[in-house]
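Please examine the sequence and the model shown below. A short report on one helix and the strands beside it comes after them.

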Amino acid sequence: MGRGFAVYDPGWCDRMVGMPADEQPDVKYGRQVSNDLRAILLSKEPTLVDVDALISDPSKRSTERWRYTRLALPQRVSRYEYVLLAVTLPNPDVDLRV
């Protein structure tokens, strides 16, 4: 849910609601987000993580650096099923460059 960050054009953000996390215009970034969220669901543990990502927008032919903090909370909805409640907040203090 939510519009997310203004990384991509506004039309794409509107269409993203309800889509799988890996269907980002930047395929590599989308896969990483999807894999991270899947690992959190499998762990069934709350997770707080800082993210420092270079995200490409193929429509603009540009790459932008996005730094944020994500809190993800797996929630049990039935005996065998979990959903993920996550909030992501911009955090310019994150610097994970090596």
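The following paragraphs describe a helix, its surroundings and three strands.

This is a predicted model, in which local features need pLDDT of at least 70, side-chain atom pairs count only at pLDDT 80 or more, and totals for chains, interfaces and linings use all residues. Residues are numbered from 1 along each chain as its sequence is written, and side-chain values use heavy atoms, with hydrogens and water left out.

Helix α2 comprises the 17 residues 27-43, and its end C-alpha atoms are 24 Å apart, which agrees with the 24 Å expected at 1.5 Å a residue (1.5 Å times one less than the number of residues). Helices (H or I, at least four residues) and strands (E, at least two) are DSSP runs, numbered from the N terminus.

Tyr29, Gly30, Val33, Ser34, Leu37 and Ile40 are the buried residues of α2 (under 20% relative accessible area, with exposed meaning over 50%, for a 1.4 Å probe and protein chains only). Because they cover an arc of only 130 degrees around the axis, they lie on the same side of α2; the arc is that of the directions from the helix axis to the C-beta atoms. The face turned away from this buried side carries the exposed residues Lys28, Arg31 and Leu42. Among the elements covering the buried residues are β1 (47-57), β2 (62-76) and β3 (82-90).

At the N-terminal end of α2, Asp26 acts as a cap, with a side-chain oxygen 3.2 Å from the backbone nitrogen of Lys28. Just after α2, Lys44 has a positive phi of about 60 degrees.

The strands pair as follows (at least two DSSP bridges between them).

| Pair | Bridges | Direction | Hairpin link |
|---|---|---|---|
| β1 and β2 | Eleven bridges | antiparallel | four residues |
| β2 and β3 | Nine bridges | antiparallel | five residues |

Val51 stands opposite Tyr68 in β2, and Gln75 stands opposite Val83 in β3. In the turn between β1 and β2, Arg61 has a positive phi of about 55 degrees.

Notes:
Contact means heavy atoms within 4.5 Å. A polar contact is a pair of N or O atoms within 3.5 Å; within protein, one must be able to donate a hydrogen and the other to accept it, and residues adjacent in sequence count only if both atoms are side-chain atoms.
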